[in-house]
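I open my notebook here and set down, entry by entry, what I looked up in this structure.

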Amino acid sequence: MKKQLAVILVALSLFSGNVWALTLGEARTQGRVGETLNGYLVALKTDAETQTLVSEINKARNASYQQLAESNNIPADEVAKMAGQKLVARAKPGEYVQGINGKWLRKE
């Protein structure tokens, strides 16, 4: 079950990025958003475009996490945390991630 869940989480993280590929990619490289270990994006800039992007992506991620949780009979927050760890690990150099201490770091 863990292997299946891991595969699903990787697919989910790819799906989340592909739906808004250009906009999310631009937001990441411009330092407008950051990935957290809890599986959700945070807007680091407060403009409306960034806020809307973050809201839409997080809404889609939440729905996917809920579905995966129900399918695997585990809490949704556990699914989100597993996805968050993968998303933070996959962040590219120059993108922002939130460390375990809560501080924002730019990946090198």
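**Entry on Gly-84.** I looked up Gly-84 and found this residue in helix H4, which spans residues 76-90. Is Gly-84 buried or exposed? The model I am reading is a predicted one, and in this model Gly-84 is buried, with a relative accessible area of 0%. I then asked which residues Gly-84 touches, leaving aside those up to four places away in sequence. The contacts I noted are Thr-36, Leu-37, Asn-38 and Gly-39. I also looked at Tyr-40, which stands 44 residues from Gly-84 along the chain, while the two C-alpha atoms are separated by 6.8 Å.

**Entry on Gln-85.** Gln-85 also lies in helix H4, but I recorded this residue as exposed, because its relative accessible area of 52% is over the 50% cut-off. Between the C-alpha atoms of Gln-85 and Asn-38 I noted a separation of 7.6 Å, although their positions lie 47 residues apart along the chain.

**Entry on Arg-90.** I stayed with helix H4, where Arg-90 also has its place. Its relative accessibility is 43%, so I wrote this residue down as partly exposed. For Arg-90 and Lys-107, which are 17 residues apart along the chain, I noted a C-alpha separation of 10.0 Å.

**Entry on the aromatic pair.** How many aromatic pairs does the structure hold? I found one. This pair is formed by Tyr-40 and Tyr-65, with 5.3 Å from centre to centre and 75° between the planes, and I therefore entered it as edge-to-face, since planes over 60 degrees apart count as such. The pair links distant parts of the chain, 25 residues apart: Tyr-40 sits in the loop between strand E1 (33-35) and strand E2 (41-43), and Tyr-65 belongs to helix H3 (residues 48-72). When I compared the surroundings of the two rings, I found Tyr-40 partly exposed, with a relative accessible area of 21%, whereas Tyr-65 counts as buried at 1% relative accessibility.

**Entry on helix H3.** I followed Tyr-65 into its helix, which has 25 residues and reaches 36 Å from its first C-alpha to its last, close to the 36 Å expected at 1.5 Å a residue. Which residues of H3 are buried? I listed Thr-50, Leu-53, Val-54, Ile-57, Asn-58, Arg-61, Ser-64, Tyr-65, Leu-68, Ala-69 and Asn-72. To think about such a list, I reminded myself that an α-helix has 3.6 residues a turn, so residues three or four places apart point the same way.

**Entry on Asn-73.** Just after H3 I came to Asn-73, which lies in the loop between H3 and H4. Its phi is positive, about 55°, although this residue is not a glycine. Asn-73 is exposed, with a relative accessible area of 73%.

**Entry on the cavity.** I next asked where empty space is left inside the model, and I found one cavity of 30 Å³ or more. The volume of the largest cavity is about 30 Å³. Its lining is made by Arg-28, Val-33, Gly-34, Glu-35, Leu-41, Ala-91, Glu-95 and Tyr-96, and strand E1 gives the largest share, three residues.

**Entry on Thr-29.** Thr-29 has its place in helix H2 (residues 21-29), and I noted it as exposed, with a relative accessible area of 55%. Thr-29 and Lys-92 are 63 residues apart in sequence, yet from C-alpha to C-alpha they are 8.8 Å apart in space.

**Entry on the whole chain.** I then stepped back and counted four helices and four strands, which follow the pattern α-α-β-β-α-α-β-β along the sequence. Of the 108 residues of the chain, 37% count as buried. Looking at contacts between residues at least 6 apart in sequence, I noted that 49% of them join residues at least 24 apart.

**Entry on confidence.** I close with how far the model can be trusted in its parts. The chain averages a pLDDT of 86, and 80% of the residues score at least 70. Over residues 17-22, however, the pLDDT is below 50, and this stretch has six contacts in the model beyond near neighbours in sequence. Where pLDDT is low, the predicted coordinates should not be read in detail.

Technical notes: Residues numbered from 1 in each chain as written. Predicted model: local features only at pLDDT ≥ 70, side-chain atom pairs only at ≥ 80, totals over all residues. Heavy atoms only, no water. pLDDT = per-residue confidence, 0-100. Contact = heavy atoms within 4.5 Å. Phe/Tyr/Trp six-rings, centres within 6.5 Å; stacked < 30°, edge-to-face > 60°. Helix = DSSP H or I, 4+ residues; strand = E, 2+ residues; numbered from the N terminus. Buried < 20%, exposed > 50% of the residue type's maximum accessible area, 1.4 Å probe, protein only. Expected span 1.5 Å × (residues − 1). 1 Å grid on protein atoms, 1.4 Å probe; cavity = no way out; pocket = protein on both sides within 12 Å on 5 of 7 lines; lining within 4 Å. Points joined across faces, edges and corners; volume = space filled by probe spheres on them.
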